[in-house]
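Q: I have this model open and want to go through how its helices and strands are arranged. Can we start with the helices?

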Amino acid sequence: MVTVHDVARLSGVSIATVSRTLREPQVVSAETRERVQAAIDALGYRPNRAARSLRRGRTGVVALVVPDIENPYFAALTKGAQAAARAQGYGLVVVDTAEQADVEAEELTALRSQVDGVILASSRLEDDALLAVVQAVPSVLINRDLGERAPLTPSVTIDEQAGVRAAVDHLRGLGHRRLLYVGGPDRSWSQGRRLAGIREAVAEAEDTVLVELNGTEPTSAGGRRAAAAVREDGATGVIAYNDVVALGLLAGWAELGVGVPGDISVIGFDNTYVAELSTPGLTSVGVDLRDMGGSAVDLLLARVDRADAHAEVRRLIVPTLVHRGSTGARTAAI
């Protein structure tokens with residue numbers, strides 16, 4: 001039975017590169033695509049989930065657990081994870097936990113015997129509960145890291161410090177000196193790291209003031225509810241917890257007659273596809289989310305398929321800021 005390992009060996013590339021070529025050929029070089037495709041054609045490789053499962057006594061299925069599938073961030077992660085799993089002959093089950101830790105715990109208990117491994121994206125579990133999960137089933141964490149408590153559990157994380165620093169520097173470069181951070185839920189691991197990064201970046205700029213509005217529901221409704229309070233504060237530069245919160249702010253300010261970016265500038269996080277759909281377009285900090293989801297699958301299957309204790313463990317991705325119309329030079333205070 002021809003496997004992805006055979007394709008990698010014949011083409012002279014890694015298994016991850018074969019997977020990436022199959023799911024996102026546009027992100028690899030033409031030479032690599034040709035080598036991988038030539039190996040596939042020569043070997044007659046076709047992912048065969050059923051044969052793999054029977055031969056290895058496994059289910060041929062992995063699970064992706066997300067807190068909110070309606071959030072475009074997790075939708076993009078899911079697309080990337082599904083493509084990567086399919087490329088390696090695995091099925092993917094997606095579980096939405098509705099931002100509730102107790103639902104997440106229940107779903108994971110039910111899943112353990114039905115899948116070969118689990119990817120937990122932005123888990124809402126406390127550290128002890130999450131540790132129990134990763135000890136019970138092969139796991140990969142996205143936007144979470146248990147550090148020395150689980151040193152061999154793979155994780156894919158964003159360099160939050162670099163991301164928020166880019167946002168702060170962008171707003172300061174446009175002349176904004178009173179910044180306001182509309183932060184997400186306290187239980188969010190990313191929220192803690194993002195808030196610490198913003199505080200550090202602002203503290204290094206002696207002429208800049210930071211105001212915090214934490215605990216916002218990470219939805220457009222949460223952003224809309226925060227819009228009036230942000231306006232009343234008088235900050236001219238705003239950093240939102242994520243893109244959908246930022247879109248909620250834009251909607252709320254439109255109702256209040258606040259101009260963007262004339263009166264106030266706003267930056268979102270995650271750079272999801274919705275950042276290009278608003279008017280004005282949303283300046284946002286983010287990474288390639290499909291590649292992030294695919295990377296998590298690659299890390300998981302490296303252990304499920306090969307039980308490779310020396311496979312990559314930590315993958316840190318540096319985000320970039322994409323400038324659109326929601327940020328501009330400071331012209332007035334609201």
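A: Yes. This is a predicted model. Helix α1 (residues 4-11) packs with helix α3 (residues 30-43) at an angle of about 125°, and their axes are 9 Å apart.

Q: What does that make α1 relative to α3?
A: Oblique: an angle of about 125° is neither under 35 nor over 145 degrees, and falls outside 65 to 115, so α1 counts as oblique to α3.

Q: Is the crossing of α1 and α3 left-handed or right-handed?
A: The crossing of α1 and α3 is right-handed.

Q: Which residues make the contact?
A: From α1, Asp6, Val7, Leu10 and Ser11; from α3, Arg35, Val36, Ala39, Ile40, Ala42 and Leu43. In the contact of α1 with α3, seven residues are nonpolar, one is polar and two are charged.

Q: On to the sheets. What is the strand order in the parallel one?
A: That open sheet has six strands in the order β2-β1-β3-β4-β5-β11, with parallel pairing. At its edges stand β2 (91-96) and β11 (314-317); each has a single partner strand, so one side of each has no neighbour in the sheet. On average, neighbouring strands here are turned by 15° against each other, direction ignored.

Q: Which helix packs on it and touches β1, β2 and β3?
A: Helix α6 (residues 101-111) packs on the sheet and touches β1, β2 and β3 (117-121). The direction of α6 makes about 175° with that of β1.

Q: How many bridges join β1 to β2?
A: Six, between strand β1 (residues 61-66) and β2, which run parallel. As one pair, Leu64 has Val94 in β2 as its bridge partner.

Q: And at the other edge, how many bridges are there between β5 and β11?
A: Four: strand β5 (residues 155-158) and β11 pair in the parallel sense. Ile158 stands opposite Ile317 in β11.

Q: Where do the side chains of β11 point?
A: They alternate along the strand. Arg315 and Ile317 point to one face and are buried, while Arg314 and Leu316 point to the other face and are not buried.

Q: Now the mixed sheet. What is its strand order?
A: β7-β6-β8-β9-β10-β12, six strands in an open sheet with mixed pairing. The edges are β7 (209-213) and β12, each with a single partner strand, so one side of each is left without a neighbour in the sheet. Neighbouring strands of this sheet are turned by 20° against each other on average, direction ignored.

Q: How do β10 and β12 pair?
A: Strand β10 (residues 283-286) and β12 pair in the antiparallel sense over three bridges. Gly286 has Thr320 in β12 as its bridge partner.

Q: Which helices pack on this sheet?
A: Helix α9 (residues 189-203) is one of them, touching β6 (178-182), β7, β8 (237-240) and β9 (265-269), with its direction at about 160° to that of β7. Helix α10 (residues 220-233) also packs on the sheet, touching β6, β7 and β8, with its direction at about 165° to that of β6.

Q: Last one: where is Leu321?
A: Leu321 is in strand β12 (residues 320-322). With 25% relative accessibility, Leu321 counts as partly exposed.

Q: Which residues is Leu321 in contact with, leaving aside its neighbours within four places in sequence?
A: Ala166, Ala167, His170, Ile267, Thr283, Ser284 and Val285. Val285 is 36 residues from Leu321 in sequence, with their C-alpha atoms 4.2 Å apart in space.

Terms used: Residues numbered from 1 in each chain as written. Predicted model: local features only at pLDDT ≥ 70, side-chain atom pairs only at ≥ 80, totals over all residues. Heavy atoms only, no water. Helix = DSSP H or I, 4+ residues; strand = E, 2+ residues; numbered from the N terminus. Buried < 20%, exposed > 50% of the residue type's maximum accessible area, 1.4 Å probe, protein only. Contact = heavy atoms within 4.5 Å. Pairing = 2+ DSSP bridges. Axes fitted to C-alpha atoms, helices over the stretch in contact; angles between N-to-C directions. Left-handed = near helix turned anticlockwise from the far one by under 90°. Nonpolar A, V, L, I, M, F, W, Y, C, P; charged D, E, K, R; others polar.
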